[in-house]
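Trainee: I would like a close look at how one helix is packed against its neighbours in this model. Could you take it contact by contact, giving the geometry and then the residues?

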Amino acid sequence: FTHELLDQVLSEYVDDAGRVDYRGLREDDPDRLAAYYDLIATYSPDSHPQLFPGMEERLAYWINAYNAATLAAVLSEYPIASVSEVKPPRLLFFAPDKSGFFYFRKLLFGGESYNLYNLENEVIRGRFTEPRIHFAINCASNGCPRLPRYAFTADQLEYQLEAETRKFINEPRNLRIDHEQKILHLSSILTWYEEDYLAWYREKYPEQNANLANYLKLYADQSRIAELDRAIEYEIQAIPYDWGLNDRALTAP
């Protein structure tokens with residue numbers, strides 16, 4: 001099983017800031033993403049386990065499947081300024097915000113139907129005790145980790161997960177420390193899934209105090225480690241999430 005088609009799409013239609021040229025992808029070159037989506041709709045580690053013999057092959061597949069399905073879902077609704085604009089079925093107007101995109105839109109993976117919410121929480125989080133996946137999957141929003149310009153692959157997975165985690169954590173938009181007010185400002189991705197990070201940390205470092213600051217120190221630039229040491233006891237506040245679409249046409253200077 002190859003992720004080459006997705007790799008080509010990402011390298012050509014995603015910039016270094018993780019912004020997607022949705023208009024160009026939809027109007028000029030929709031076929032390659034459609035062909036890759038056809039692959040993941042037909043084959044998966046569940047339907048064809050012989051194609052995905054190891055954990056790395058399976059996890060790389062599911063990360064790529066999530067990112068590709070998200071791209072395909074946006075293109076089917078484009079132009080939109082946010083995934084929040086995708087509404088649930090009319091009779092379910094009372095459904096939670098963003099449920100139209102993440103819950104009511106069904107997508108195929110190996111012949112089995114999932115929505116993006118269940119794909120993330122039941123399959124990716126449910127099957128893999130790997131908290132770095134939160135810095136690899138992309139929900140087409142500016143608050144997400146930057147969408148990489150490459151597909152994840154089994155042979156590069158460890159390096160890729162490490163690189164994306166370090167990139168996310170060292171961006172000022174995701175981690176700010178106010179020593180005067182004693183507040184650690186963190187991306188909502190770090191507060192929403194706090195227990196994922198701390199459960200992994202407890203297992204890996206049972207002798208250490210499991211908290212977000214200590215987890216972040218594993219990936220922070222050397223210049224920030226001393227700051228995080230000072231912030232161990234600080235109050236944590238979530239940075240408001242930006243649900244604006246990661247669209248080059250909307251976010252480019």
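Mentor: What follows is a walk along one helix and its contacts with two others. The model is predicted, so that local features need pLDDT of at least 70 and side-chain atom pairs count only at pLDDT 80 or more, whereas totals for chains, interfaces and linings use all residues. Residues are numbered from 1 along each chain as its sequence is written, and side-chain values use heavy atoms, with hydrogens and water left out.

The helix to follow is α4, which covers residues 55-77 (helices are DSSP runs of H or I, at least four residues, numbered from the N terminus). Two packed helices are described by the angle between their axes and the distance between the axes. With α6, residues 116-127, the axes of α4 come within 11 Å and cross at roughly 165° (axes are fitted to C-alpha atoms over the stretch in contact, and angles run from 0 to 180 degrees between N-to-C directions). That angle makes α4 roughly antiparallel to α6 (over 145 degrees), and the crossing of this pair is left-handed (the near helix is turned anticlockwise from the far one by less than a right angle). On the α4 side the contact is made by Leu59, Trp62, Tyr66, Ala69 and Thr70 (heavy atoms within 4.5 Å), while α6 brings Leu116, Leu119, Glu120, Val123, Ile124 and Arg127. By class, this contact has eight nonpolar, one polar and two charged residues (Ala, Val, Leu, Ile, Met, Phe, Trp, Tyr, Cys and Pro count as nonpolar, Asp, Glu, Lys and Arg as charged, and the others, Gly among them, as polar).

The other partner to consider is α3, residues 30-42, which packs with α4 at an angle of about 130°, the two axes lying 10 Å apart. These two helices are therefore oblique to each other (outside the ranges under 35, 65 to 115 and over 145 degrees), and α3 passes α4 in a left-handed crossing. From α3 the contact takes Leu33, Tyr36 and Ile40, and they are met by Tyr61, Asn64, Ala65, Ala68, Leu71, Ala72 and Leu75 of α4. The residues of this contact divide into nine nonpolar, one polar and no charged.

Taken together, α4 is roughly antiparallel to α6 and oblique to α3; two charged residues belong to the contact with α6, whereas the contact with α3 has no charged residue.
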